[in-house]
Structure formats: C-alpha cells, structure tokens
Amino acid sequence: MNGSRAVTPMGSAAASAWEELVTAALLGTERRTPPGCPPGRQAPVTLLDAAAVETVRRRAGLRPAPAAARLEPAAADPRPPLPPAAARRLALLLADRPGTPGGSGRRGTAPDLMELLPQWLAAANAHGFAAPPQVLPALLDAARGRTDLRPAALAFAGPRALWLARLNPDWRFALRSTPGGGAALPGAEETERIQQLWQEGLFAERVSLLAAIRAREPAAARELLETTWATERAEDRLMFLDSLRMGLRAEDEPFLERALADRSRNVRATAAELLSALPDSALAARMAVRAGACVALDHANSAEAGGGTRGEAVLVVEAPHECDAGMERDGVVAKAPAGRGERSWWLGQLVEAAPLGSWSGRLGGRTPEKIVALPVADDWQGELHAAWCRAAVRQRNADWSRALLGAPSTPEAGGPGAVSLAERAKLLATLDSAERAAWVAGFIATHGLSEAFQLLGVCAVPWAPPLGRAVVDALNIARDAGSYPWSFSGVMGLAERCLDPSEADRLDGLLAIPDEGEDASPGAGSYWAEAFQRLVGTLRLRAAMAEELRN
Amino acid sequence: MDRCEDRLSVPGSTFDVMTQQGVRWTADQVLALAPDVSSRKAGSKLGASGPWSEAGSSDEGTVWGLCKGSGSKPYQTVVDIADATGPAYKCSCPSRKFPCKHALGLLLLWAGGDGAVPRGEAPGWAEEWLTGRRKRAEEKRAAGPAGSPSGDPEAARRRAERRAERITAGATELEQRLADLLRGGLATAEQAGYGLWEETAARMVDAQAPGLAARVRELGAIPASGPGWPVRLLEECALLHLLDRGWLRRDELPDGLAATVRSRIGVPGSAEGPPVRDHWLVLAQYETADARLTTRRIWLHGAESGRTALLLSYGAAGRAPELALPVGLAFEAEVSAYPGAGQLRAALGERFTPPAPTEVRPPGTTTTCAAERYGEALRADPWLDSFPVTLDRVMPVPVGGSWQLADADTDLALPLAPSAVAHPGLWRLVALSGGGPVTVFGECGHRGFTPLTAWPEGVVGQAVPLC
C-alpha cells in the first residue's frame with residue numbers, strides 16, 4: 001500500500017503473508033507455490049481463496065493515518081456576507097463562463113452574463129460585501145482567464161482567495177497581482193521589516209513594496225529607492241522609476257534631475273518624461289525656452305502667408321536645426337524613426353515636453369482656444385497640434401484638452417483631422433465626467449455611431465442621461481436607415497453594460513419588429529428587435545442586480 | 001472498541017421550514033437538473049427576464065411562462081416542482097433535451113426571485129397540462145403497487161430458472177479464466193491487454209450477469225493504472241472469485257448474503273422493503289457515465305429514522321437520468337429498501353412535499369469511526385468499495401501531492417481518494433474550510449475518502465455540493 005493510503009495495522013507476519021500471495025500471483029502458481037498451498041491444479045483457487053480473505057481483512061482493518069501539518073487558517077474577512085439573492089446571482093454570472101462548451105454563435109435576446117461580472121464586482125465592492133467562500137475557486141478561475149477582471153475580483157475575493165492561491169499554482173497570479181504576495185506588507189512604522197524586504201525581497205515584492213509606500217508616503221518611497229539606486233540593474237531602475245509616476249510631486253525633482261544622467265537611455269527618457277509632467281521643474285523651464293524659440297507670432301507676413309485679412313496673427317514655426325547635448329540630456333531622442341524628418345521629430349519632442357502654461361505668455365496672453373485657432377504657416381499645424389495634444393494628455397491639462405478637442409459638432413471632429421480618434425479619447429480622459437459625456441453626446445448627435453466606439457469607452461458608467469439618449473437616438477436612426485444591427489454590435493454591447501438601467505422603460509417602443517421599409521436590408525427589422533430586447537433585458541437584469549446588492 | 005455515536009449537528013431539529021410552501025431553490029440546485037453542460041449554459045442565458053413574458057408561479061409549486069424563441073410564436077413552458085415523481089417539465093419547443101433550456105431558464109428566473117415570476121393563477125394552457133398530469137398520477141396511485149406486468153407466476157419462475165442456469169454457466173467459465181490467469185501469473189495480464197477482458201466481459205453479458213461483466217471490464221483497466229497495479233489486480237480478482245463462489249454456493253448462504261450476491265451479480269430485484277416515511281435530506285447527487293449508460297446516484301438522510309438511502313437513476317448515453325433532487329433540500333416521502341444484507345439502495349415511493357430548504361444536517365462522526373463503519377459494512381457486503389459517512393469537524397490538509405481530511409480534535413486523518421484530489425470540488429471544500437473545521441458528507445472506502453457535500457461550521461449555512 002502506498003503512503004497516501006490509510007494505515008493498515010497488520011502485524012508484520014500478516015503483511016509478509018500478503019506479500020507472498022502477491023508475488024505468487026504475479027509469477028503464476030506454475031512457477032511459485034504460495035505458502036500453505038498444495039501445488040497442482042487446485043493451487044490457483046487456493047491462492048484466490050486466501051487472497052479474498054486477505055483483501056477483505058486488509059480493507060476492514062483500515063485505520064486513519066496520522067494527520068499532516070494543519071494549514072494556517074485564512075485571515076478572517078470582517079465584511080458582511082452577501083444578501084442571498086445577490087449570492088445566487090453571482091453563482092449564475094460565474095456559471096456563464098466562456099470556455100464552457102455549448103451555446104450558439106449568435107447572441108439572441110439573452111443577456112451576456114459574463115460581461116456583467118465586472119459591474120457586479122464593482123457594485124459588490126462598493127457595498128463592501130464579503131465573497132461566499134465556496135465561489136472563490138470559480139471567481140479565481142474567471143480572473144485567471146481575464147486580466148481586466150483581476151483587480152475587482154481579487155478585491156472582492158478578499159483574504160481567503162490569497163490563502164487559496166498559495167495552495168494552488170493555477171492561481172499564482174493572485175499573489176503577483178496583490179502587493180506583498182498577499183502577505184501583509186510592513187506597516188509604516190516597521191522600518192526594519194521594510195528595509196529587510198527592500199534589501200532581500202524578490203523583484204516583484206520590491207515593486208509592490210515601493211508602490212505601497214508611495215501610495216502611503218510618497219517622499220519615503222523615493223528616499224527608500226535612493227538608498228539602493230546606484231546598485232540596481234538598469235531594467236530594475238526603469239521599473240522602480242516608473243513607480244514614482246504615481247503621486248509625482250515637485251519634491252521628486254532633484255532625484256529625477258540626477259536620473260537624467262543615468263547610464264541607461266531608457267531610464268534617462270523616463271526621468272525626462274516625469275520631469276516634463278512637473279510644469280515648475282527646471283527641465284520644463286528649459287523645454288519651454290527651447291520650444292518657445294521654435295514657435296513665434298508673425299503679424300507682418302500674415303497677409304501673404306495665410307491669405308487672411310491684414311493684421312491677423314500667424315504662427316510661424318522654425319524647427320530646431322540640431323539636437324544638442326543639452327537636449328539629449330533632457331530626454332530628446334536624437335535619432336528620428338525611419339520616414340520622419342529629424343527636425344520635425346525634435347520639434348515634436350520639445351513642444352510635447354514644454355509646459356502648456358508657458359505658451360499664453362509667449363503668444364500675447366491668448367487663451368488656449370485662441371492659440372489653437374491661430375493659423376499656422378507652412379503646413380506645420382499638424383505637427384504642432386499633435387505635440388500639444390500629447391502635452392495636454394501628459395500634463396493632464398483640461399483647458400488645453402478642451403481647446404484641442406474643439407466643438408464636437410464641427411465637421412472636422414468627425415473626420416481624420418489633425419487629432420485622431422485615439423488622441424481625442426485620451427484628451428477626453430482629462431476632462432471631468434460630465435463634460436466628457438456632454439462632448440461625446442454632441443459628437444454622436446452630429447456624426448452618428450460609426451466612429452463613436454472608442455470615445456464611448458472613456459465615458460463614466462452609467463452613462464449620463466444626455467449621452468445615453470444620444471446613443472439610443474442614434475441606434476434608432478441606424479435602424480430606420482435599414483442597416484443590420486451587427487454593424488453596431490460594439491456600441492450595442494457597450495450600451496448593454498453602460499446605459500443607465502432606468503432608461504429601460506424608454507426603450508420599450510423599440511422592441512417590436514418594425515414594418516420593413518423598401519430600402520431596408522431583408523430581415524433587419526427582426527434582428528433589431530432582438531438586439532433591443534437583449535438591451536432592455538440586460539438593463540433590467542442590471543437593475544435587479546443592483547437592487548439585490550442594496551438589500 | 002469505543003462506540004461510534006453520531007454527534008447531532010442540529011439538536012432538536014425541526015421542520016418548520018418544511019411548511020413554507022413555494023420556497024425558492026438556488027441557482028445551483030436548478031442547474032443541477034441540466035442534462036448536460038451545453039443545456040446548463042443555454043439555460044443560464046435564459047434565466048433573465050428579457051425573453052420571458054406572462055411568467056408566474058403558484059403556491060402548489062408550479063412555474064410557467066412564455067419564452068420568446070426564434071419563431072413568431074413564443075414557447076409555452078411549465079414546470080411542476082411539487083410533483084410526487086420529481087420535477088415534471090412541459091415545453092412546446094422542439095428540443096429533445098430533458099429538461100430543455102427553456103424549463104431551466106424559467107426555473108432560474110424563478111430562483112432569482114426578482115419579481116419576474118410573481119404569484120398568480122396558472123393560465124389555461126398550463127392548467128390543462130397540470131390537471132392531466134395530476135389526474136393520471138391519481139389513477140396510478142389508485143391502481144396500487146400491484147402492477148406486476150406478467151400475470152403468470154409459473155412462467156416467471158421458469159424464466160428466472162433459465163437465467164440462473166446461464167449465470168451459473170457464466171460464473172463457472174469465469175472461475176476457469178481466473179484460475180488460468182493465476183496459474184500463468186498476473187504479469188501476463190499486462191501483455192494480454194484490454195482485448196482478453198473485453199471478450200470475457202461480453203461472455204458475461206451473454207450469461208445475463210451484468211454485475212460480473214462490469215467487474216471484468218474494470219479488471220482490464222487495472223494493469224495500466226500505474227504503480228502498485230499487481231496488488232490491485234490480485235484484490236479485484238480475489239473479490240471476483242469470491243462473488244463467483246458466492247453465486248455457485250448461494251443455497252448455503254444466509255438469506256441476506258445470498259440476496260447481496262444476487263444483487264452484485266446483477267440479477268434484477270425489486271424494492272420489497274416496507275415503505276419508510278420520513279423527512280429525507282438530499283445529501284448528494286452525482287453522475288458516473290460510461291459509453292452506454294449514465295448512472296445518477298442520490299444519497300438521502302432520513303431526519304427521523306437516521307437511515308441513509310441510495311437512489312439510483314439511469315439515463316441512456318448522453319441523456320440525463322430523470323430523477324433529480326437538489327442537494328441540501330429536504331422533502332417528505334416514502335422510501336423502500338432493495339433486498340440484500342448491507343445494501344443501502346432504495347426506491348423512492350410516494351412524495352408528500354416538494355423539496356424545501358431545511359436546517360437539518362446529517363449527524364457527523366470522527367475519521368476513526370468512519371473507517372470503522374466501512375469495516376463493519378464489509379462484514380455484510382465484502383464487495384463494498386466505500387460506505388457513506390458524514391465527518392464532523394474535519395479540515396482538508398495537503399500532504400505531498402495529495403490531500404487528507406484531518407480531525408480538528410485529534411491527530412488522525414483520512415486520505416482523500418485519488419479521484420477526489422483531481423476533482424475541482426476539492427477546491428470548493430478547501431475554500432469553504434479556510435483552514436477551519438467543516439462538516440463533510442462523503443464515501444469512505446479502501447481508496448480513501450471521497451467528499452461529496454460540505455456544510456460550514458457552526459451557524460446555519462447552506463450545503464455546498466462538491467461533486
């Protein structure tokens with residue numbers, strides 16, 4: 001019997017008698033006669049008789065084995081348990097995991113439950129409920145397959161999930177995703193433990209430690225990093241430096257300035273990028289001077305250059321002629337990518353790193369709107385505006401973002417103007433959520449849904465009422481235009497997850513199958529009805545989910 | 001030997017909860033009814049109010065609704081969960097799955113309890129089907145259990161005799177094959193491979209001894225089952241030999257043991273035991289399947305009688321067996337035992353209440369007593385692989401690549417069966433325990449302990465199915 005079986009308390013005599021039987025059976029009674037058996041025709045039967053008695057005796061004599069070392073109990077979860085209805089809902093959402101075979105490709109009218117899991121988790125976390133222990137394996141499996149679920153899933157799963165993850169290699173990701181691998185991080189006062197973990201810990205543990213301290217006490221994290229900075233490997237320096245991005249402040253400047261002289265180019269570039277996000281830093285001031293030297297107002301030439309009325313100002317751009325050592329030290333990359341002129345490449349980097357606040361003073365006290373509206377001579381507008389966009393995103397400057405976005409209803413907002421959709425989405429992210437929603441609503445009202453997906457993705461959930469109405473109206477127009485709903489499946493999916501559930505009642509009118517118009521695609525009407533049914537069904541389900549968690 | 005007394009987990013258990021009619025099931029309990037994984041998935045997608053209209057439920061345990069499908073006319077779905085012979089389903093969809101995804105979705109919607117399935121009067125189409133069903137059930141009950149198909153007892157006796165003769169011939173042939181095997185040595189079995197055993201199994205099927213055939217087929221798999229196979233093969237050969245001898249000399253055996261032998265050989269019997277009326281807690285439900293047959297095993301615990309009973313239900317390959325009971329719920333019913341010493345198998349008779357939530361838990365015991373019970377049970381049925389027990393205050397503990405269930409209050413532990421270590425249910429058990437004690441129902445046998453259901457320690461908590 002192997003070691004994992006229960007102990008059989010047989011005397012050694014009985015044990016060896018059984019061994020003899022097994023040996024005789026393996027070799028055959030023709031070659032080996034078991035003890036106490038007469039050889040001959042009856043030997044196999046006698047052997048089987050004896051083995052049957054031994055087998056039943058051995059089984060009947062099984063006794064428990066000594067227990068192995070007990071597990072350290074999981075840390076208590078002080079959060080209140082889920083209401084029963086919410087616990088049932090969670091079981092349903094988790095039962096709909098992808099990878100479970102079956103189900104057809106077409107979506108039909110039923111809600112996509114897995115897509116609702118992120119919301120459910122966010123709501124449960126907002127209420128501060130504890131996860132039922134028995135769902136943790138399914139929850140960890142779901143989070144294992146979808147990295148975007150992990151932060152919310154692990155927050156909800158709580159301390160017991162980390163306890164479990166230490167027992168099952170499939171769930172190691174949970175330890176990596178949680179600061180300190182789930183072990184309690186040293187508290188602020190435990191300087192000795194902090195020092196020990198920082199000196200001896202694994203790289204991932206050190207990154208987590210640094211991030212945790214940075215969140216708690218930004219200066220202390222920087223000081224800790226400085227103690228070992230000179231001895232870290234280049235790729236580690238890069239990661240550690242990057243963790244200063246969170247809670248970046250003016251006090252970090254001296255350290256970052258020193259990092260500009262780092263041996264590694266990537267470290268230098270990151271230090272420069274961080275410094276340029278500090279508008280009052282010396283680097284930002286140097287960049288402001290450099291960028292300012294490249295862009296100037298010209299009143300005299302305006303008539304010839306832009307063809308506008310006399311006296312109207314024009315921006316004239318004079319890109320740098322060289323990338324000097326000072327620029328390189330401040331993070332400007334000298335070598336342009338293939339296909340780009342190096343002068344415009346340098347200009348872009350200077351303008352991107354220069355503090356946006358410096359332009360107004362340099363350009364006659366104009367507001368960002370006025371500056372963006374200025375005509376630009378010699379086709380430099382694209383390059384200049386793109387650099388300003390990057391600067392607005394990096395410096396999270398809402399005034400400049402608003403100016404660069406322009407009015408959502410302008411025709412160029414819908415087309416591939418100077419500012420791409422991806423850049424617009426990034427600019428929108430610097431605005432507050434109400435303004436963001438209003439801009440996207442205006443955009444959809446003018447340009448429809450075909451370009452809206454990326455912009456909707458940055459809007460706060462649930463969508464503000466004007467935005468929700470704009471999306472529903474646009475879907476309705478698309479239906480009336482006779483196209484198929486799957487051209488809009490991306491937006492539909494977003495609407496299912498993001499529309500305010502209270503809008504469900506307003507959608508009831510769209511559930512019926514409309515009369516087919518002459519130029520409509522065949523059968524489109526019933527597919528639209530199906531899509532709207534799924535939308536309404538999902539909204540009602542979300543309302544029910546929210547209600548269950550409130551009880 | 002110290003006496004193994006059961007420790008009652010819920011002293012003075014009451015059945016107040018049983019009177020709450022129309023208590024809703026949990027999603028897990030509904031999904032357990034699904035015939036396969038794809039129905040499970042399709043059903044859970046329909047468990048939202050979107051496609052449903054005019055849904056409702058009655059206090060008598062009926063749920064109905066209209067489900068929008070791909071056609072113009074919605075499907076009419078009705079489920080009777082109070083039916084005495086198990087949940088009954090009716091749906092106008094063309095699916096041959098049973099229950100279909102619409103019935104599952106409707107039950108999930110009902111279980112979700114968010115007002116999508118209000119109390120109400122059943123519509124005409126549902127009422128019609130219900131009355132028809134209940135009338136037929138009434139007639140069947142009135143007709144009584146005396147429904148023996150062939151009226152001629154003399155013919156039946158002759159058939160039984162002919163069958164016994166064929167089994168005897170089969171058992172004799174099998175004895176010969178076992179003797180040949182042992183004479184040449186088990187080592188030859190490794191080379192002979194599957195074919196030899198398959199052929200022998202087919203001979204046993206011809207001999208109308210399905211129990212022997214199944215055991216022979218299992219012998220065929222042992223030589224490839226990893227280290228220690230000669231020991232396992234000798235054990236199983238010896239027990240098969242014991243069963244052969246038991247059949248050939250059944251006239252000399254006490255009645256109970258002879259009945260056990262007949263049942264192990266696979267001679268069909270009928271549940272002749274007196275009906276025991278009790279509140280039966282559903283301890284566990286799980287399926288095993290081979291290429292031909294799906295077997296569903298349902299363990300019940302009688303709250304008043306203290307008895308443990310096993311219900312078996314079969315489905316043709318790929319189809320779910322019809323009988324399904326949600327784990328953790330209890331219902332009042334009559335159960336009759338099948339013959340045979342140490343046999344726990346029973347047949348479900350009349351049911352008096354639908355399954356409803358309960359606070360009853362099976363009384364638990366220690367690992368030492370669990371092992372002892374299995375040993376005791378072997379006395380009546382030496383072919384028993386495992387015996388159902390509830391362990392009280394145990395905790396899962398990893399040991400090497402395997403796991404144990406350790407007593408919280410002693411230094412002893414039962415190893416988990418290898419199949420249980422590989423099963424995902426293990427992690428639900430570990431998660432529920434969190435390093436602390438839990439109550440675990442399962443099967444304790446010579447391969448180790450197989451956990452089937454667990455309850456959290458202390459305060460009332462739902463049963464967590466592990467299988």
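# Notebook: salt bridges, cores and a kinked helix

I began with charged pairs, and a search of the whole structure turned up 55 salt bridges over all chains. A reminder to myself for every entry here: this is a predicted model.

**Entry: salt bridges one by one**

I looked first at chain A, where Arg249(A) pairs with Glu251(A) and the closest N and O atoms are 4.0 Å apart. I checked how open the two partners are. Arg249(A) is partly exposed, at a relative accessible area of 31%, and Glu251(A) is partly exposed as well, at 48%.

Next I turned to chain B. There I found Arg157(B) and Glu154(B) joined by a salt bridge of 2.7 Å, N to O. I traced both residues to helix α5 of chain B, which covers residues 153–184. They sit three residues apart, about one turn of the helix. Arg157(B) counts as partly exposed, with 42% relative accessibility, and Glu154(B) also counts as partly exposed, with 36%.

A further pair in chain B caught my eye: Arg393(B) bridges to Asp409(B), with 3.1 Å between the closest N and O atoms. Which parts of chain B does this pair tie together? I placed Arg393(B) in strand β11 (residues 386–399) and Asp409(B) in the loop between β12 (402–407) and β13 (412–415), so the bridge ties together parts that are 16 residues apart in sequence. The arginine, Arg393(B), counts as partly exposed at 26% relative accessibility, whereas Asp409(B) counts as exposed at 53%.

I also noted a network of salt bridges with members from both chains. It links Arg58(A) and Arg59(A) with Arg215(B), Glu235(B), Glu236(B) and Asp385(B).

**Entry: cysteines**

How many disulfides does the structure hold over all chains? I found zero. I then went through individual cysteines to see what keeps them unpaired. For Cys67(B), the closest cysteine sulfur belongs to Cys91(B) and is 7.5 Å away, which is too far for a bond. Cys100(B) is in no disulfide either, and its nearest cysteine sulfur, again that of Cys91(B), is 3.7 Å away. My cut-off for a disulfide is 2.5 Å between the sulfur atoms. I asked about their surroundings too: are these cysteines buried or exposed? Cys67(B) is buried, at 0% relative accessibility, and Cys100(B) is buried with a relative accessible area of 6%.

**Entry: nonpolar cores**

I went looking for the largest nonpolar core and found that it has 101 residues. The residues with the most contacts inside it are Trp359(A), Trp388(A), Ile444(A), Leu456(A), Trp463(A) and Leu467(A). I picked Ile444(A) for a closer look. Setting aside residues up to four places away in sequence, Ile444(A) touches Leu449(A), Ala452(A), Leu456(A), Leu467(A), Ala470(A), Val471(A) and Ala474(A). There is also a second, separate core of 64 residues, and it includes Leu93(A), Leu113(A), Leu116(A) and Ala371(B).

**Entry: helix α4 of chain A**

Two of those residues led me to α4(A), since Leu113(A) and Leu116(A) are among its buried residues. The helix covers residues 113–127, 15 residues in all. I compared its span with expectation: from first C-alpha to last it reaches 21 Å, close to the 21 Å expected at 1.5 Å a residue. Where is the kink in α4(A) centred? I located it at Gln119(A), with a bend of about 25°.

The rest of the buried set consists of Met114(A), Leu117(A), Trp120(A), Leu121(A) and Ala124(A). I followed the packing of the buried residues and reached α3 (84–95), α5 (136–145), α6 (150–165) and α28 (524–550) of chain A, together with α2 (37–45) of chain B. After α4(A) comes Gly128(A), and I noted its positive phi, near 75°.

**Entry: chain A overall**

Stepping back, I counted 28 helices and three strands in the secondary structure of chain A. Of its 551 residues, 46% count as buried. Among contacts in chain A with a separation of 6 or more, 68% come from residues 24 or more positions apart.

**Entry: a buried arginine**

My last stop was Arg206(A), in helix α9 (residues 203–216) of chain A. Arg206(A) counts as buried, at 9% relative accessibility. What is Arg206(A) in contact with, leaving aside neighbours within four places in sequence? I listed Leu197(A), Trp198(A), Gly201(A), Thr228(A), Glu232(A) and Phe240(A).

Methods. Residues numbered from 1 in each chain as written. Chains lettered and ligands numbered in written order. Predicted model: local features only at pLDDT ≥ 70, side-chain atom pairs only at ≥ 80, totals over all residues. Heavy atoms only, no water. Buried < 20%, exposed > 50% of the residue type's maximum accessible area, 1.4 Å probe, protein only. Salt bridge = Lys/Arg side-chain N within 4 Å of Asp/Glu carboxyl O. Helix = DSSP H or I, 4+ residues; strand = E, 2+ residues; numbered from the N terminus. Core = buried A, V, L, I, M, F, W, Y, C linked by side-chain atoms within 4.5 Å. Contact = heavy atoms within 4.5 Å. Expected span 1.5 Å × (residues − 1). Bend = angle between axes of the 7 residues up to and from the residue.
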